[in-house]
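Trainee: I've just opened this one and I'm new to it. Can you walk me through it?
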Amino acid sequence: MKKIELHLHLEGAAPPAFIRALAQEKGADLSGVFDERGHYAYDGFKGFLACYEAATSVLKTPADYARLLGEVLERSAEEGVIYTEFFVSPEFCGGGDVAAWRDYLAAMTEVADKAREQGIDSRGIVTIIRHFGADRARKTALCAAETAGTWITGFGMGGAEQVGRATDYAWSYDCAREARLGLTCHAGEWGGPTSIRDALALGCTRIGHGVQAIEDEGLMRDLRDKDITLEVCPGSNVALGVYPGCSAHPIARLADAGLRVTVSTDDPPFFHTTMRHEYDRLASTFGWGDTEFRQINRFAAEAAFCDAATREGLL
Ligand code: ADE
Ligand code: ZN
C-alpha cells in the first residue's frame with residue numbers, strides 16, 4: 001500500500017543512532033537523552049519536548065540537516081511512503097536568521113530533489129514553536145514568507161499546546177497566509193476543542209492531531225462542513241499518554257463521523273513506530289483494510305500542501 005504522510009517532524013524522525021553518532025563527532029554530551037538500551041528516554045509530554053530539544057542540539061549545520069533528511073527519506077521510502085511533509089524550524093536551523101535559514105533550506109532541497117527522482121516526494125512546513133513565544137515566532141514567520149513556494153509550502157505550529165492561545169500567533173499566521181503558504185497547527189492533542197477552534201480562527205485548513213474534537217459534536221460538524229483535514233498520529237497519542245491504548249483512540253470514530261482523517265507518525269523513533277506499524281495497528285484494532293486506507297490516503301493527497309499537478313499525481 002502506497003502511503004502519504006502529512007505530519008512528520010524532521011528532528012523528531014532522527015534515529016537515536018544518528019543523533020549519537022553526531023554527538024560523538026562533535027564531542028557533545030547527551031547524557032540523559034538515551035536510556036540503557038539506547039532509546040530516547042523521557043517522561044510525559046514535557047519530558048518528551050525537553051528530550052527532543054536536547055537531541056536536536058547536535059544538529060548544527062546545513063550538512064547535518066541534509067544528512068538527516070536523506071536518511072529519513074530513505075527509511076520512509078522503505079515503508080512504502082511516496083510523499084511526506086516535514087515540519088522543520090528555522091528556530092533550530094540558524095536561530096531565525098533568514099540568510100542562515102536559506103543555507104539550511106538549500107542543503108535540504110538538494111537532498112529532497114534527489115529523493116524525488118528515486119520515488120519519494122516531499123515538502124517542508126516551517127514550524128513555529130509555541131513555548132518559544134510570539135516574538136521568536138514572528139522572526140520564523142518571516143523566514144517562512146521569504147522562502148515560500150520553494151520546497152517550503154506550508155506553515156505550522158508545534159510545541160507545548162497549553163502555553164497561551166494559538167490566536168496569540170495571529171501575526172505570524174497572517175504573514176504566512178499572505179505568502180500563500182498552507183496553514184496547519186497542532187491543536188486538540190492536549191488543549192481540547194477550544195484549542196482546535198483557535199486554530200480554525202487562524203485560517204488553518206489542517207489540524208495537527210485534532211483528536212480531541214471527538215469531545216464536541218458541534219466542532220465535529222464545523223470540521224466536516226469546512227472540509228478540515230486532521231493529521232492524526234495514533235502511535236504518538238498512545239506513547240505520550242493522550243489515550244491509554246489504541247483501542248481507546250478516537251481515530252475510527254472520527255473517520256466514521258465523516259471527518260477527513262489521515263495517518264502519520266509524528267516523531268517515529270521517539271514513539272517506537274513507523275508508518276507500516278501504524279497501518280498494521282489500525283488494521284488489527286479496528287479491522288481497517290484497503291477501503292479505509294485508500295480513503296485516508298485520498299484525504300491526505302487532497303490536503304497536501306503542494307501544487308495541483310503533484311496532488312493529482314498522488315490521487
Ligand atoms: N513537536 C514534536 N512532536 C510534537 C507533538 N506531538 N506535539 C507538539 N509538538 C511537537
Ligand atoms: Zn507533531
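Mentor: Let's go from the overall picture to the details, keeping in mind that this is a predicted model.

Trainee: Okay, how many helices and strands are there in the protein?

Mentor: The protein has 13 helices and 8 strands.

Trainee: And what radius of gyration does the protein have?

Mentor: The protein has 18 Å, which agrees with the value near 20 Å for a compact globule of 315 residues. If you take a box along the principal axes, the C-alpha atoms fill roughly 50 × 45 × 40 Å.

Trainee: How much of the protein is buried?

Mentor: Buried residues are 48% of the 315. As for contacts with a separation of 6 or more, 72% of them are between residues 24 or more positions apart.

Trainee: Let's switch to the ligand. Which residues surround ligand 1?

Mentor: Going along the chain, they are His9, Gly12, Tyr52, Gly158, Gly159, His186, Glu189, Ser236, Asp266 and Asp267. By class, that shell has 6 polar, 3 charged and 1 nonpolar residues.

Trainee: Asp266 caught my eye. Where is Asp266 found?

Mentor: Asp266 is in the loop between strand 8 (260-263) and helix 11 (275-286). Its phi is positive, about 75°, although Asp266 is not a glycine.

Trainee: Is Asp266 buried or exposed, and why?

Mentor: Asp266 counts as buried because it has 29 C-beta neighbours inside 10 Å, and the cut-off for buried is 20 or more.

Trainee: Which other residue has a positive phi although it is not a glycine?

Mentor: Asp227 is one, with a phi of about 55°. Asp227 sits in the loop between helix 8 (217-225) and strand 7 (229-232).

Trainee: Buried or exposed, that Asp227?

Mentor: Asp227 is exposed, because 12 other C-beta atoms lie within 10 Å and a residue with 12 or fewer counts as exposed.

Trainee: Now the strands. How many residues of strand 1 are buried?

Mentor: In strand 1 (residues 3-9), 7 of the 7 residues are buried, so the strand is largely enclosed by the rest of the structure. Strand 1 pairs with strand 2 (residues 81-88) in the parallel sense, over 5 bridges. Within that pairing, Ile4 stands opposite Tyr83 in strand 2.

Trainee: What about strand 4, how many of its residues are buried?

Mentor: Here too the count is 7 of the 7, so strand 4 is largely enclosed by the rest of the structure. Strand 4 runs parallel to strand 3, and 6 bridges join them. Ile129 stands opposite Gly158 in strand 4, and Gly158 is also one of the residues around ligand 1.

Trainee: Okay, helices. How far does helix 5 reach?

Mentor: Helix 5 (residues 134-146) has 13 residues and reaches 18 Å from its first C-alpha to its last, close to the 18 Å expected at 1.5 Å a residue.

Trainee: Which of the residues of helix 5 are buried?

Mentor: Ala137, Thr140, Ala141, Cys143, Ala144 and Ala145 are the buried ones. Residues three or four places apart in an α-helix point the same way, because there are 3.6 residues a turn.

Trainee: And what covers the buried residues of helix 5?

Mentor: The cover includes strand 3 (121-129), strand 4 (152-158), helix 4 (98-117) and helix 6 (170-178).

Trainee: Same thing for helix 7: which residues are buried?

Mentor: For helix 7 (residues 192-201), the buried residues are Pro193, Ser195, Ile196, Asp198 and Ala199. Their cover includes strand 5 (182-187), strand 6 (206-209) and helix 8. After helix 7 comes Gly203, with a positive phi near 95°.

Trainee: One more spot: what does Ala23 touch?

Mentor: Leaving out residues up to four places away in sequence, Ala23 touches Ala28, Leu30 and Val58. Ala23 is in helix 1 (residues 16-26) and is partly exposed, with 19 other C-beta atoms within 10 Å.

Trainee: How far apart are Ala23 and Leu259?

Mentor: C-alpha to C-alpha, Ala23 and Leu259 are 42 Å apart in space, and they are 236 residues apart in sequence. Another pair to look at is Asp103 and Arg37, which are 35 Å apart in space and 66 residues apart in sequence. Asp103 is found in helix 4 and is partly exposed, with 16 other C-beta atoms within 10 Å.

Methods
Residues are numbered from 1 along each chain as its sequence is written. Chains are lettered from A and ligands numbered from 1 in the order in which they are written. This is a predicted model: local features need pLDDT of at least 70, side-chain atom pairs count only at pLDDT 80 or more; totals for chains, interfaces and linings use all residues. A residue is near a molecule or strand if its C-beta atom, placed from the backbone, lies within 6 Å of it. Ala, Val, Leu, Ile, Met, Phe, Trp, Tyr, Cys and Pro count as nonpolar, Asp, Glu, Lys and Arg as charged, and the others, Gly among them, as polar. Helices (H or I, at least four residues) and strands (E, at least two) are DSSP runs, numbered from the N terminus. The radius of gyration is taken over C-alpha atoms; the globule rule is 2.2 Å times the number of residues to the power 0.38. Two residues are in contact if their C-beta atoms, placed from the backbone, lie within 7 Å. The expected span of a helix is 1.5 Å times one less than its number of residues. Two strands pair if DSSP finds at least two bridges between them.
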